[in-house]
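This briefing is intended for reading beside the sequence and the three-dimensional structure. Its topics are the overall fold, the cysteines, selected strands and one helix, and the nonpolar cores.

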Amino acid sequence: MLFLPLLVFFPLLLNLMCAMQNSTLYRSPTSDLSFGNFKRDPFYYLWAEKLSLSMVRDQVDFGFLCVGEPNCYSFNMAAYPDSKGLYLCELLATHKYTETDKFHANASFHHYGPLPLCVSAPCKNGGVCVPEYKWSSFHCDCRPGFCGTHCERGGMESILLSEIELAVTSNNNCGGSIALMVIICVTALRYPKAAYSEVDSSPAITMLLLPLLSFFPSLLKLICAMQNNALYRYPTGTVSFGNFERDPFYYLWAEKLSSSMVKDQLDCTFLCVREPNCYSFNMAAYPDSKGVCLCELLATDKYRETEKFHANATFHHYRARSPCESFPCKNGGVCVPKYEKNSYHCDCQPGFDGTHCKRGGNRTCSDIKRFYPRTPSDSYVIDPDGEGGEKPFKVFCDMTNKGGIGVTVVSHDSESRMLVDGFDVRGSYSRNVTYNEASLIQLASLTASSAHCEQFIKYECYHSMLLYNGGMFGWWVSRDDEKMKYWGGVDSAPFKCACGWNNTCADSSYGCNCDKNDWKWREDSGLLTNKSKLPVIQMRFGDTGVLSGGDEKGYHTLGKLECYGLIY
């Protein structure tokens, strides 16, 4: 007796579930139920014809007003309440996809509209896309001479292909159906009176709905599953749901959970929906001599195993409608569908992050190494100051140097050994350094995000002085445009090179080998390690003229900027 009300209201319930499964905006012709699925565009406003203005408490009230108005397709809602805590609501008779020129940023409003249907421009060869919000779909009005779902076919060829497709769909073979939807529901269904429809509140009707309300939680789970999911399995096993699409004459060469002989594609679909680890299946295109077909349940899908998905003359492949169909993950990221929520996440390649792997994510190469220990040495994109700061940039990551910590290497245009000759005045030779694919601000953020940074610098001299105890002929310039008074191998001691710090110079009265200033090739070199001054942006030299018939000269070499280590 308790289930009689279910039979009485079954048509209404069926309409409700079909609406929520297939529609973004649905209104029953008899007005017994309505349903809307709206997407918010924060701080945008559609300047279009207004059906009405109202003051409401929140966006849920807005949604009910629009769904209840037969001509409403979107609405503008004030971003902030007034002094009474109410929001202005403007119901609109159109939407942003047909009024694109009237859709603009606005600091005071949010816009709510139906989910996009024609935004991907699906109609080809000049066809016009016409949204059908009732079914969350569209149809293409094709130009003369073209036909097909997307106006992709032309002439007699398209007519023949359509007839062949219709024949295949009609035949009683193993793979006739283009798409399958299966619901396995053990729990009794019930209809939520207050949330979705206008029901007569007479005592008889109220009593009739009491059994329905007692089952409300299970129905709500099923409705939510059908609305939001392509493949849903309730944890207790009471409700399962699958919405599959066919790839005719394709086969996924992947791990098989089981193989069975079934009568038709519906049986194979039920098997997959009931198997907790099944996400797609292969099915023989034609039955055997006994009229049954081979069904292979798979533990993955074609989006995660793209290289194993191939054309096949004897099989069709069925897969749950996937949120990965649009290939949303960029820069080599792998889309991993989450069928239970009809969503996905992107497994990004090293050096990228974000919802769609669009931006450089890791701060440094050491950061990449920490999160991806097996990452090989290669070029990657890093973002030292994170989202909202300077743009990410490309560097080379040496994953073996410094004990495999992950060294960020930035190249420049002055790495080769360069001659200095004919510049006698102090600092008259100048070489500006330009770094590859990065600005000085970006490099400053790199040094700030690294525990250590270093840059090798060398000067080879032939009767050419360098720091000369303060009477400097040569020097390097820091990123802050500061004339630096020390050389590689020294942290900050003025007028010293590495030999002056270690007391190993050719002449102990000077701080650099080159300052002996004799007719013999000498060298001063070492690492610059004060990261607050790096990178080197300019080198200056002098004392390379002609003296007593002898030609004074020198060579300079500047290494790449290298940074490593984590700052927590």
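A disulfide is here a pair of cysteine sulfur atoms within 2.5 Å. The structure is a predicted model, in which local features need pLDDT of at least 70 and side-chain atom pairs count only at pLDDT 80 or more, while totals for chains, interfaces and linings use all residues. Residues are numbered from 1 along each chain as its sequence is written, and side-chain values use heavy atoms, with hydrogens and water left out.

**Overall composition**

- The chain has 12 helices and 39 strands; these are DSSP runs numbered from the N terminus, helices being H or I of at least four residues and strands E of at least two.
- Of the 568 residues, 45% count as buried, where buried means under 20% relative accessible area, exposed over 50%, and partly exposed in between (1.4 Å probe, protein chains only).
- The accessible surface of the chain comes to about 28000 Å², and carbon and sulfur atoms account for 55% of that surface; accessible areas come from the Shrake-Rupley method with a 1.4 Å probe, and for residues only the protein chains shown count as cover.
- Among contacts (heavy atoms within 4.5 Å) between residues at least 6 apart in sequence, 65% join residues at least 24 apart.

**Disulfides and a free cysteine**

- The cut-off given above yields nine disulfides.
- One of them joins C497 to C512, with an S to S distance of 2.0 Å. The torsion about this S-S bond is about 85 degrees, so the link of C497 and C512 is right-handed.
- C497 lies in the loop between strand 34 (483-484) and helix 12, and C512 in the loop between helix 12 and strand 35, so the pair ties together parts that are 15 residues apart in sequence. C497 and C512 are buried.
- C461 and C514 form another disulfide, with their sulfur atoms 2.0 Å apart; at -95 degrees about the S-S bond, the link is left-handed.
- C461 belongs to strand 32 (residues 450-462) and C514 to the loop between helix 12 (498-502) and strand 35 (521-528), so this disulfide ties together parts that are 53 residues apart in sequence. C461 and C514 are both buried.
- The sulfur atoms of C499 and C505 are 2.0 Å apart and form a disulfide. Its torsion is about 85 degrees, so the link of C499 and C505 is right-handed; both cysteines are buried.
- Why is the sulfur of C89 without a bond to C72? The sulfur of C72 is the closest cysteine sulfur to that of C89, but at 7.5 Å it is too far for a bond. C89 is buried, at 0% relative accessibility.

**Open sheet and the surroundings of W475**

- Four strands form an open sheet in the order 31-36-33-34, with antiparallel pairing; two strands pair if DSSP finds at least two bridges between them.
- Strand 31 (429-432) and strand 34 are the edge strands, each pairing on one side only.
- Strand 33 (residues 475-477) pairs with strand 34 in the antiparallel sense over two bridges, and V477 has K483 in strand 34 as its bridge partner.
- W475 lies in strand 33 and is buried, with a relative accessible area of 8%.
- Not counting residues up to four places away in sequence, W475 touches several residues, among them K483, W487 and R540. W475 and R540 are 65 residues apart in sequence, yet 5.4 Å apart in space, C-alpha to C-alpha.

**Strand 9**

- In strand 9 (residues 109-114), six of the six residues are buried.
- Strand 3 (residues 38-41) pairs with strand 9 in the antiparallel sense over four bridges, with D41 opposite H111.
- Strand 6 (residues 74-78) and strand 9 also pair in the antiparallel sense over four bridges; the bridge partner of F75 in strand 9 is Y112.

**Helix 11 and the nonpolar cores**

- Which residues of helix 11 (residues 440-448) are buried? They are Q442, L443, S445, L446 and T447.
- The cover over these buried residues includes strand 27 (378-382), strand 28 (393-398), strand 29 (407-410), strand 32 and strand 39 (553-566).
- A nonpolar core is a set of buried Ala, Val, Leu, Ile, Met, Phe, Trp, Tyr and Cys residues joined through side-chain atoms within 4.5 Å. The largest has 44 residues, and L466 and W487 have the most contacts inside it.
- Strand 32 gives the most to this core, with four residues.
- A second, separate core of 16 residues includes C272, C278, A284 and C295.
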